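Work through the exercises below with the sequence and the coordinates at hand, and compare each step with the solution that follows it.

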Amino acid sequence: KATVRRYINSITESTSYSTYTTKTSASQTSSSYHSISLRMKPMSRKNEMVLFTSNSFNEKTPLSIHYLAICIVNNRISLYYSSGPNSSPAGIQDSIVYTSEVIINTWYDVSATYQDGIATLQVNNGQIVRRNSRQAGRSTVIELSDTIYLGIIKQFDQNPIFDVQFGFYGCISSFSLDNSVYHLVNDALETKNTYSCDNPCNLNECKNNARCSSMPDDNNYYLCNCTSQYYGMLCNESYAAMPNPCHSLPCRNDGTCIATGSSYTCRCLYPYYGLTDCDTAISFSSIDGASFNGNGYLRYYFNTLMEQQDIQFTITTNQRSGLLYWQGDIAVSATHYLYVFVNAGRIELRFNIGTGEASLVSSQSVNDGAAHTVKVKRNFNFGSLMVDNIAATGNSQSPGSSNILKVSNDIFIGGADNIRNKTGNRFTTGFMGCITNLKMSNLLFRVSDSVRGVSYAVEAIDLELLRAINYEESACVFLILHTCIDKQLRYQMHKRPMMQFNQVSSDNKRLSYAINIEMSDMDDESSH
């Protein structure tokens, strides 16, 4: 949550404050020495209370209460202090005013000290002003045993500082009392009507070159986007300080180990899989599809016609976003590309052949766990998108006179290598779900072909083939059960088993089945 808080005390606004408990020991709270530091941005010109702390209001009068307070009076930052002129023993009461006037909407670092009746005040590391308030026979010990208030005191009708008529209107980013630092959000006992101050990233608390971003729907909160070497809410924790789990080379068969703190995952090359070892080989099946986990992709090398394209595939997902098909390299040419993706649960097609972008969006959502067929066609600078035989709407024509898509013959399915650079930061991760029955120019592109050396399929990264025996490991369990299980079982078992396949319940998002398989005719090895 944003630690820079805005207080909105005024005649017309409701009371705005936050409260804190003193962190200091009994010997420090009842002391002849105290210190305050504060960072604030005034946003009005009134006589305002910014910070106040005391030894409570119980049965005390303005002349018997002990307190320290940072205020703005006559447009100048001031420190007010009292050891209780009418208390026992009798004390002192005075204030010190800084020399220069405040400018609204300007940040000020305020430092104040009090010691044995002598007060100092400094603003923005400028001149230190001093005031000696000692009086013979008077106590200079100020006891601070009560709550700390920012913005205004709750009992403002008992305000002992007559020069102050309002609470603070402005922003506070930090404060400390007697060398104890307080977190404005985490340490607060009570808050009322406080808000973030402008963009919470203006005073960036993210560490180690992390990028700060405010939440789009609530700027009371911000997010630190860490670089790869750091983690934590403020990116203040270093992975380098942790043992590297990849040092033991746990990913076999040329798999790549990716460390995430004390844990790791393996990116496996086909035909191997396994999140922690890449040690299990996949048996290819007749099912023509793959499960994508957000990190994987298929890359094909296919000499497409630059003037025309015909693409078709089937997807299954419950995710709202993900890259399905990509052609182009933004790092090479920012104006020649074609891609298909899921955005807000709908399928979108976008392409640019050098002079402007065309964009089509499906009318129906596809993130429901069911299978959906996607058909894309491009004829010169005109394109079309069909999802389940329903035409998408939008701008189907790339403007201008160009008719040729000038890209390499690399086609990426489900993601891409170096996905940020290749897509011009349009995508940071790939697709999560199933892609099956991929056809281009009416040619069937089998997933298994990508590891069997077919000329137009050259790379398969971090995927799993659809399979039924180990279906619980696949992200495509609903697709497998719905369309593939009978073929899978016939293919993977030596003898066709007796099988009951009964639908128990169905709705728009889930399919639930009861499956009973009789294995008695199978030998031990195949039934394994």
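Patches are made of residues with over 30% relative accessible area and no salt bridge, where like charges are joined within 9 Å and nonpolar side chains (Val, Leu, Ile, Met, Phe, Trp, Tyr) within 5 Å; a salt bridge is a side-chain nitrogen of Lys or Arg within 4 Å of a carboxyl oxygen of Asp or Glu, and accessible areas come from the Shrake-Rupley method with a 1.4 Å probe, with only the protein chains shown counting as cover for residues. This is a predicted model, in which local features need pLDDT of at least 70 and side-chain atom pairs count only at pLDDT 80 or more, whereas totals for chains, interfaces and linings use all residues. Residues are numbered from 1 along each chain as its sequence is written, and side-chain values use heavy atoms, with hydrogens and water left out.

**Exercise 1.** Identify the nonpolar surface patch that includes Y221.

*Solution.* M215, Y221 and L223 form this patch, with about 250 Å² of accessible area together. Y221 itself lies in strand β20, residues 218–225, strands (E, at least two residues) being DSSP runs numbered from the N terminus. Y221 counts as partly exposed because its relative accessibility is 37%, the class between buried (under 20%) and exposed (over 50%).

**Exercise 2.** Place strand β9 among its partners.

*Solution.* Strands pair if DSSP finds at least two bridges between them. Strand β4 (residues 33–42) runs antiparallel to β9 and is joined to it by eight bridges, with S35 opposite T113. On β10 (residues 118–123), also antiparallel, six bridges are found, and Y114 has A119 as its bridge partner.

How values were computed: Helix = DSSP H or I, 4+ residues; strand = E, 2+ residues; numbered from the N terminus. Buried < 20%, exposed > 50% of the residue type's maximum accessible area, 1.4 Å probe, protein only.
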